[in-house]
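Q: Could you take a close look at one residue for me, and then put it in the setting of the whole chain? I'd like the cut-offs spelled out as you go.

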Amino acid sequence: MDSPFVMIIFGATGDLMKNKLLPALFKLYQEKKFEEKFYIVGFARRPFTNQEFRRDAANHLRSINLYYRSFESFKNNLYYQQGDFNDPRGYKELIKTLKIFDRKHRECITRFIYLATPPNYYEGILENLRKTKLSEGCGRKNNKWTRIIVEKPFGKDLDTAIRLDKKLSHLFEEKQIFRVDHYLGKETVQNMAAFRFANGVFEPLWNKNHIDHIQITFSEEKGIGNRGKFFDGVGLLRDVGQNHLMQLIAAVAMEQPKSFTKEYLRNERAKVIKAIRPIEEKDVSKFVVRGQYKGYIREKDVPKDSNTESFVAMKFFIDTPRLQGIPFYVRAGKKMPENIVEISIVFIQTCHVLFREYGCPEIDNVLTIRIQPDEGIRLRLIAKKPGTKLALQTVSMHFTYEEAFKTKGVEAYEKILVDIFAGDQTLFNRSDELESSWKFITKILNGWKNGDSKLTIYQEGTWGPKEALTLIEKDGRGWL
């Protein structure tokens with residue numbers, strides 16, 4: 001960013017600001033990704049002064065070991081505006097501050113409006129942006145230099161997602177809207193396209209003739225923590241399934257784009273998500289498992305009779321010529337044994353007749369792309385076991401990005417902010433992607449609402465309910 005700008009962050013005292021946006025902005029500042037003429041204005045209900053807001057930011061960076069002396073110059077660019085998200089008065093005070101910045105530079109400087117609040121505040125904020133004309137830039141219907149950034153989840157179902165999208169599109173042009181799913185900013189998700197399409201050895205095998213099935217695991221050791229007020233009533237399917245998992249599915253299943261430009265990549269992502277075969281409401285109990293960890297109802301701000309899921313497993317298909325008939329098995333949950341996010345492509349068992357008498361492994365070639373914690377790729381092969389007798393055994397070839405490139409790469413939010421500054425929407429959701437994903441998810445939600453909504457309690461530290469094992473094992477397969 002080589003020109004002055006102001007970023008207004010609604011929800012500036014929340015976890016997203018403290019744990020993601022503040023560290024990412026500070027690091028980009030240290031790396032000189034933008035010049036000295038910038039302003040970050042936090043907007044929230046807490047009664048902070050500018051100095052208190054700066055002190056709170058410094059204390060947080062200290063607590064996570066990211067405080068450096070350069071913060072003393074960075075903090076002078078932090079400002080604070082107290083206000084209620086649903087009350088125009090705070091917005092009007094904010095406009096006065098923004099006008100001071102514009103007068104200082106004798107121009108309408110670029111404005112980034114970042115909604116880092118729980119999604120139930122989005123519509124109120126957007127309505128006040130309209131009423132106060134903040135959405136119009138400098139008040140002369142000149143929104144050329146204004147961009148709006150919205151965090152997932154985008155709505156609670158198809159209807160609310162469409163309503164939110166209409167409100168956004170009424171105030172802003174599509175080129176101004178950045179819908180953030182930070183999983184698109186992760187190195188491995190981006191590298192998956194390079195891995196698939198730059199290596200001729202894998203692309204010819206990436207189809208229904210060679211792949212038996214595909215597994216995706218998204219597991220977290222922690223529970224919902226202090227997010228009970230937000231998470232309960234939302235549930236894991238909305239919180240993770242509609243966004244993060246959809247992006248992982250799209251990355252592994254999309255066709256090769258004509259080029260790595262914004263619209264070609266987003267076109268291919270949108271086509272894949274649209275091609276996911278819907279699970280009809282009457283069939284939800286056959287193909288979807290929902291669970292809740294045992295201590296969930298004892299978490300802060302969770303009702304004792306909560307029916308909200310903290311685990312989901314499902315089986316579905318993608319109706320494209322490449323992947324027709326290949327089952328996808330996806331599981332995601334909290335209070336699991338490990339923090340793991342990975343995709344495994346399990347190839348068709350091809351034990352040659354020469355080796356059958358020696359005992360072929362039950363599953364041979366598996367390609368696993370790990371997103372976290374140690375981002376990398378692992379390929380499971382069959383090799384001869386050392387010794388005088390012929391015996392076969394599986395072995396792994398793997399690399400991690402940290403070992404291979406001596407770096408962990410750019411943090412997701414650093415990449416996201418750099419792309420927002422550059423106006424590059426490649427790694428951001430488009431409205432048609434969202435609509436297709438919500439169509440798929442909403443059918444499952446309606447199935448739970450109108451039919452079998454059985455919720456199974458599972459022990460903390462396990463891989464979820466036993467029904468999740470049955471889901472895949474009844475097909476003669478197993479979770480890796």
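A: Here is the residue, followed by the chain around it. This is a predicted model, where local features need pLDDT of at least 70, side-chain atom pairs count only at pLDDT 80 or more, and totals for chains, interfaces and linings use all residues. Residues are numbered from 1 along each chain as its sequence is written, and side-chain values use heavy atoms, with hydrogens and water left out.

The residue to zoom in on is Glu-35, which sits in the loop between α1 (15-30) and β2 (38-44). Helices (H or I, at least four residues) and strands (E, at least two) are DSSP runs numbered from the N terminus. Glu-35 has a relative accessible area of 31%, so it counts as partly exposed; that class lies between buried (under 20%) and exposed (over 50%), using a 1.4 Å probe and protein chains only. Pro-4 is 31 residues away from Glu-35 in sequence, yet their C-alpha atoms are 7.4 Å apart.

Now zoom out. The chain has 15 helices and 15 strands, and 54% of its 480 residues are buried. Take contacts (heavy atoms within 4.5 Å): among those between residues at least 6 apart in sequence, 76% join residues at least 24 apart. As for overall dimensions, the C-alpha trace spans about 80 × 50 × 40 Å along its principal axes. The radius of gyration of the chain is 24 Å, which agrees with the value near 23 Å for a compact globule of 480 residues; it is taken over C-alpha atoms, and the globule rule is 2.2 Å times the number of residues to the power 0.38.
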